[in-house]
Amino acid sequence: MVSSTEYGSHTWDLLLTVDHQHEGVEKEIPLQVTGDLHVGGLMLKLVEKIKIAQDWSDYAFWWEQKKCWLLKTHWTLDKCGVQADAKLIFTTQHKMLRLRLPNMKTVRLKVSFSSMVFRAVSDICKMLNIRRSEELSLLKQSEGTLKKKKKKDKNSKEPATEDILNLCNSPVSSGLPANPGLYSKTMTPIYDPVSGSPASSTITWFSDGSSAEQNCSILALSHPTCSPEMLAEMYQPRTLADKAKLNAGWLDSSRSLMEQGVLEEDQLLLRFKYYTFFDLNPKYDAVRINQIYEQARWAILLEEIDCTEEEMLIFAALQYHVSKLSLSSETQDSTCESEVDEVEAALSNLEVTLEGGNKSNILEDITDIPKLADNLKLVRPKKLALKAIKTYWFVFRDTSISYFKNKESAQGEPIEKLNLKGCEVVPDVNVAAKKFGIKLLIPVADGMNEVYLRCDNEDQYARWMAACVLASKGRTMADSSYQPEVQKILSFLQMKNWTMCSQAASEPENVDMKPECFVSPRYTKKFKSKQLTARILEAHQNVSQMSLVEAKLRFIQAWQSLPEFGLSYYIVRFKGSKKDDVLGVSYNRLIRIDLATGDPITTWRFSNMKQWNVNWEIRQVAIEFDQNVSIAFTCLSADCKIIHEYIGGYIFLSTRSKDHNETLDEELFHKLTGDKDRQEQPCLSVGK
C-alpha cells in the first residue's frame, strides 16, 4: 500500500482554461493531476468540476505554448510532455471561419480547426458541393497585397457591408459526417448540364430544405461583373516578384488551422491550388466549373497571367456571353423534371467532359507512329539586328524535329535534329495578321536554345503545335490525345477569327454593356469605351450560340492554352548562384526564370525526377534528375515547405484514375508532401 503522503508527492496543480460562454462560471479551473493521468481522464475530471450540463464532445485541449492539439486522448500527460507550467485551453475544435471563394463571394461556415488542412478543405468542399477537393487549398493573403489595399482604402469612402453567405447550419459545418452518396458517379445528375442550375428533384443528395438549393444556385451561377472602380482597387501584380507574392501564403496541408495561427472569424481565400482539373463534368460540377471559371476570369482581369490583345477580346466576349446568360437564367425557373436512370446517367457521364468530345474508339497501330512532313519557315533569334528567316523541309517523328535543305535531301543527314522532350512550347499567333508561329525553348547544357517555326495556315499550325505539345511531355502523335489536342487548337483559333457584325459595330451604344468590366485596366486605358464595346461585340459573334456551361468551359480551355497557365512563381536562390532567380512550378515541370528579363533559362520535367529531399535546418530543397542532373535552392519569397508540397502534390494528383473510386489516399498525400521526420521523398512518375 502507498501512503497518502507518498501519493500526494506525485500530484501537481495544473491550471486549465475553459473556453465557454456561460456567465458567472469561472473560466480558469485548477486541477490536481498526476503524470500517468491520460488526456481523456483529464477531460472527464474537468467537466465534472465545471458542473455545466452541455454537449462537450467537440471540445479538446489546445496547448498554447507548443501550438498543438492534444487529440490522442489515450496518451498520458507524461507522454505528451505536459507539466505544471503548461497552458491548456479546453476549446471547441470546430469554429467559424470566413472564406473568400474564387468568385469573390464570402461564405461563413464552421470548420475544424484541429484537423489537418487537407481534411478541412475536403469537408469544406463537401459543404459547397465541389468535387475533387484535392485540387483546392486555403491561402492567406500576403502582407504586400493587403498593405496596398489599405493604402488605397484610406482615401476611399466607408465600404459597404459585405454580403456574406452564412452556411453555419449545414451538417458538415456542424462537424457531422457528409452524406456518403454525395459524389456517387451513378447517381442521377444533380445539375442541369445546360443551365448549370441544381436539379430540385435530386437536391436531397446534398442536404435537406430549400436553403441548400438556394446556396447551390448562388455558388453555381456567375453574378454581375464588378465595377471598373472596384477592379482598379484590387491588387494587380506588375512584375514576376509581385506574382511571387500571390503564392507565398498557402497554408501547410499537413498541419491544422490553429497550428498556423488562424483564429476564429479570420478570413482566408479558398482557391484552386493545383491546375490539373480532373474529370470536369457539367452533370455534377456546376459549382466547381463556375468557381474555376471565376478564378480564371479574375486571373485575366488582374493580369496575374499575361495574354495578347486578341486573346483578351476573346476572354471579354466569353465573359459578356456568360454574364448575359446568367442574368437570363436567374429569372427563369430552371427545375429539372425528368428523372434519369442511374445507369444511363453513369453512361452519359462518359460523354460530357472537359477533355471529352467524341473521341475515336479505333485503336491506333502502336508499331506505326505517325509523322509530319512539311515546308516550314525557321526563324532564328536576332543576330546583329538581323532576323534570319528561311524555309526548310521539316520532318516530325517520335518526339523530335529534323530539318533538311529540301524534300529531296530528306533521305540523308538532317541539318539539325531538335529533341523536344522537356522543352517549352509557346504559341506565337496573330490570326488577324495570318501569323501562325511556334516558339520552342529547348533545354541545352548552358540554358535554352530558342527556335521559332512559322506555319502557313491554321490547319498546319494546329497539327504541328499539337505534336510539339505532346512531344514536350514525352508523348508521340500515336497518343490518343493527339487528335483532341488538334481540335482544341483549331477551336481556339476559330474563336479568334471572328467576323465583323456591321450592326453591332455601327451601333455599340444600343448595347447595354460596360466593356471596362470585361478587360484588364491596361486595355481600358488603351481604348475608348465605344471602341472596346464594338470589338467585344465583334468577337462575341463566334461564341453567341454557346450554352452557359459550354461558354465557361471554353473560357477555361482558352485560359489553359495561355503560355503561362498553371505556373506558380517563387523567388529562389540556386546553390552556387550569386543572384536571385524565379522558379515557376507547374503540374509537370519546374522552370528557372531570369528575374530581370522574365526569360526561361532551364526546364526540368517531373517525369525525369529520381528523388527530392529537403534539408529542414537550412531550408534547402535538393532534386535529382536523370542523366546525373541535380539542383538545389532555397526559397526567399515563401517557406520552402510550400514548394516541397507543390511538387509532392502534383505527383500525388498524377496518380488519380477514373478507374478508381473517388476516395482519396490521404496517407500517400501526406507521405509525399509532409515534413515530419522525413528527409527523402519517393518519386512517382507524373505520366503527363
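These legends go with close-up views of a predicted model.

**Figure 1. The whole chain, for orientation.** Before zooming in, here is the overall tally: the protein has 19 helices and 25 strands. Of its 688 residues, 50% count as buried. Among contacts with a separation of 6 or more, 65% come from residues 24 or more positions apart. Salt bridges come to 33 in the structure, and a few of them get their own views below.

**Figure 2. Helix α12 packing on helix α13.** Here α12 (residues 458-472) and α13 (residues 482-496) bring their axes within 9 Å, crossing at roughly 130°. The two helices are therefore oblique to each other, and their crossing is right-handed. On the α12 side, look for Glu458, Asp459, Tyr461, Ala462, Arg463, Met465, Ala466, Ala467, Val469 and Leu470; on the α13 side, their partners are Tyr482, Glu485, Val486, Ile489, Leu490 and Leu493. Sorted by class, the residues of this contact are 12 nonpolar and four charged, with no polar ones.

**Figure 3. A salt bridge within α13.** Staying on α13, this view picks out lysine 488 and glutamate 485, whose side chains form a salt bridge at 4.0 Å, N to O. Both sit in helix α13, three residues apart, or about one turn of the helix. Lysine 488 has a relative accessible area of 29%, so it is partly exposed. Glutamate 485 has a relative accessibility of 16% and so counts as buried. Glutamate 485 also turned up in the previous view, as one of the α13 residues that meet α12.

**Figure 4. Glutamate 134 meets arginine 656.** The side chains of this pair join in a salt bridge of 2.6 Å, N to O. Glutamate 134 belongs to the loop between α4 (117-128) and β8 (136-139), while arginine 656 belongs to the loop between α18 (640-653) and α19 (666-673), so the bridge ties together parts that are 522 residues apart in sequence. Glutamate 134 and arginine 656 are both buried. Pull back a little and the pair turns out to belong to a salt-bridge network, made up of Arg131, Arg132, Glu134, Glu135, Asp279, Asp285, Arg288 and Arg656.

**Figure 5. Helices α18 and α19, on either side of the arginine 656 loop.** Arginine 656 lies in the loop between these two helices. Their axes are 8 Å apart, and they pack at an angle of about 140°. That angle makes α18 oblique to α19, and the crossing is right-handed. From α18, the contact takes in Lys641, His644, Glu645, Gly648, Gly649, Ile651 and Phe652; from α19, it takes in Leu668, Phe669, Leu672 and Thr673. The class breakdown for α18 with α19 is five nonpolar, four polar and two charged residues.

**Figure 6. A salt bridge from strand to strand.** In this last close-up, arginine 589 pairs with glutamate 424 in a salt bridge, with 2.7 Å between the closest N and O atoms. Arginine 589 is in strand β20 (residues 589-594) and glutamate 424 is in strand β15 (residues 424-430), so this pair ties together parts that are 165 residues apart in sequence. Don't look for this one on the surface: arginine 589 and glutamate 424 are both buried.

Terms used: Residues numbered from 1 in each chain as written. Predicted model: local features only at pLDDT ≥ 70, side-chain atom pairs only at ≥ 80, totals over all residues. Heavy atoms only, no water. Axes fitted to C-alpha atoms, helices over the stretch in contact; angles between N-to-C directions. Helix = DSSP H or I, 4+ residues; strand = E, 2+ residues; numbered from the N terminus. Parallel < 35°, antiparallel > 145°, perpendicular 65-115°, else oblique. Left-handed = near helix turned anticlockwise from the far one by under 90°. Contact = heavy atoms within 4.5 Å. Nonpolar A, V, L, I, M, F, W, Y, C, P; charged D, E, K, R; others polar. Buried < 20%, exposed > 50% of the residue type's maximum accessible area, 1.4 Å probe, protein only.
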